[in-house]
Amino acid sequence: MGSTVIPISDGDQGFADLKEKGKFQVSLSPIASFVQKNKDSIKKIIHCIKVGSALVLVSLVYFVDPLYKEVGDDNAMWAIMTVVVIFEFHAGATLGKGFYRGIGTVLGGGLGCLAAILGEQVGGIGNPFIVGVSLFIFGGAATYARLIPNIKKRYDYGVMIFILTFNLVSVSGLREENVMEIARERLMMIVMGFAICICTTLFFFPAWASDEIHNSMVSKFEDLASSIEGCVEEYFRLAGDKENQSVHPIASFRNCISVLNSKAKDESLVNFAKWEPWHGKFGLFHPWEKYQKIGEVLREVAAIILSLKGSLNSSKEPLQALRGSIKEPCEAAGSSLAWTLRELGESIKKMRRCQSEPFIVPRLKLARQGLSQVMSPFKLGKHDTAEGLAIACFVFSLMELAERLEGLAKEVEELGELAGFNPS
């Protein structure tokens with residue numbers, strides 16, 4: 001039987017005395033190995049099972065005759081529709097959608113009832129006129145609100161539900177006499193569907209957006225650290241060494257591109273995490289906005305690393321002597337940059353406060369000083385060629401990375417203070 005070797009995280013119990021800096025390894029059985037490698041697929045399967053279970057539960061309105069006779073076919077449909085439209089993969093997304101649906105339903109239903117009652121009081125041909133004017137005014141105003149970027153970004157779903165509910169309730173008043181009773185019954189069905197969604201998503205293998213954004217942020221630090229190491233190693237590799245020459249840069253640049261393209265996903269996960277209740281290590285007022293700021297700095301770092309690609313491909317016949325003269329300080333700087341990223345990522349992962357001033361910032365300043373000495377006119381001034389300029393750009397990029405990481409360290413330190421991370 002084969003086995004797979006994986007590192008044990010700090011959260012695992014029973015092996016604390018055997019771990020050494022988080023690198024202790026244990027052999028897993030094939031079943032555990034399969035679960036480890038297919039976590040995302042298993043989560044998706046669990047989500048599908050949860051949605052199916054919620055649909056079965058809400059369909060009891062149709063299956064149970066007394067309940068069906070009580071609510072009727074038209075109203076029972078609203079409970080099923082609620083489950084279909086608000087059940088999302090993450091618990092926070094389901095809570096947020098349910099809240100906006102509830103607000104939109106209450107406001108739209110309330111105003112729709114007022115429009116229907118007002119039209120009924122007028123009577124005759126004035127009834128459809130009042131309802132039509134109400135639909136035009138409120139529907140047009142709500143549609144205009146959906147076009148405002150800030151509203152569309154956060155409240156688009158709630159405004160859409162408001163338009164739908166207001167239209168259905170107000171128009172129903174033209175043919176139905178007991179419009180208030182219809183609105184009440186439909187609201188009860190929506191509440192029932194929402195309750196089933198919440199119970200299913202929160203109490204049966206919940207998928208927390210907060211865990212995903214936290215783990216994703218930690219992995220970005222490691223990816224960028226590996227990218228810097230790969231780029232520096234590739235840059236100082238001899239020109240005649242062709243084997244495996246593109247292995248590091250391809251992997252490095254792919255990681256950087258992945259980080260650059262993560263903005264939309266990060267924003268969605270942060271918005272979902274804000275809706276989630278207190279669970280595990282995340283409280284109600286966890287500073288999720290700080291994760292967005294850290295993500296922005298990480299994307300800037302990824303962009304700078306991508307700019308190194310031009311230096312790697314600058315010339316087929318590089319100035320090896322000049323590169324050799326700057327190799328040691330550049331490799332030392334690259335090592336310091338990678339260490340800094342891993343240290344910051346580890347502090348977020350373990351939720352311990354990062355002390356940037358006494359430990360990280362001095363090391364980065366030392367790396368910048370070493371690179372500044374490399375950029376002296378004596379060394380680079382006499383190489384006014386394309387390759388010489390490319391080498392200067394490479395060194396300047398490393399200096400800029402060191403500067404950005406100083407700001408990143410302060411952002412991570414502020415995160416630890418706001419979130420109440422444990423002292424180092």
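**Exercise 1.** How far apart do the end C-alpha atoms of residues 102–119 lie, and what percentage of the span is helix?

*Solution.* This is a predicted model. Start with the record: an unreviewed UniProt entry places a transmembrane region at residues 102–119. Next, take the distance: the end C-alpha atoms lie 25 Å apart. Then take the make-up: the span is 100% helix and 0% strand.

**Exercise 2.** Repeat this for residues 187–209, and look at the helix α9.

*Solution.* The UniProt entry also lists residues 187–209 as a transmembrane region. The end C-alpha atoms of this span are 29 Å apart. Its content is 78% helix and 0% strand. Now turn to helix α9, residues 179–203. Its 25 residues reach 36 Å from first C-alpha to last, close to the 36 Å expected at 1.5 Å a residue. Just after α9 comes F205, with a positive phi of about 45 degrees.

**Exercise 3.** Check the length of α6 against its expected span.

*Solution.* Count first: α6 has 32 residues. At 1.5 Å a residue, they should span 46 Å. The end C-alpha atoms of α6 are 46 Å apart, so the two values agree. After α6 comes G123, whose phi is positive, near 75 degrees.

**Exercise 4.** Describe how α6 packs on α7.

*Solution.* Find the helices: α6 is residues 91–122 and α7 is residues 126–147. Their axes are 7 Å apart, at an angle of about 155 degrees. Angles over 145 degrees count as roughly antiparallel. α6 and α7 are therefore roughly antiparallel to each other. Their crossing is right-handed. Now list the contact. α6 supplies L111, A115, L118, G119, E120 and V122. α7 supplies G126, N127, I130, V131, S134 and F138. Sort by class: seven residues are nonpolar, four polar and one charged.

**Exercise 5.** Do the same for α2 and α9.

*Solution.* Helix α2 covers residues 39–58. Its axis and that of α9 come within 10 Å and cross at roughly 145 degrees. This crossing is right-handed. α2 brings K50, A54, L57 and V58 to the contact. α9 brings M192, G193, I196, T200 and T201. By class, five of these residues are nonpolar, three polar and one charged.

Technical notes: Residues are numbered from 1 along each chain as its sequence is written. This is a predicted model: local features need pLDDT of at least 70, side-chain atom pairs count only at pLDDT 80 or more; totals for chains, interfaces and linings use all residues. Side-chain values use heavy atoms; hydrogens and water are left out. Axes are lines fitted to C-alpha atoms, for helices over the stretch in contact, and angles run from 0 to 180 degrees between N-to-C directions. Helices (H or I, at least four residues) and strands (E, at least two) are DSSP runs, numbered from the N terminus. Angles under 35 degrees count as roughly parallel, over 145 as roughly antiparallel, 65 to 115 as roughly perpendicular and the rest as oblique. A crossing is left-handed if the near helix is turned anticlockwise from the far one by less than a right angle, and right-handed if clockwise. Contact means heavy atoms within 4.5 Å. Ala, Val, Leu, Ile, Met, Phe, Trp, Tyr, Cys and Pro count as nonpolar, Asp, Glu, Lys and Arg as charged, and the others, Gly among them, as polar. UniProt positions are given in the numbering used here, feature names are shortened, and annotations may be inferred rather than shown by experiment. The expected span of a helix is 1.5 Å times one less than its number of residues.
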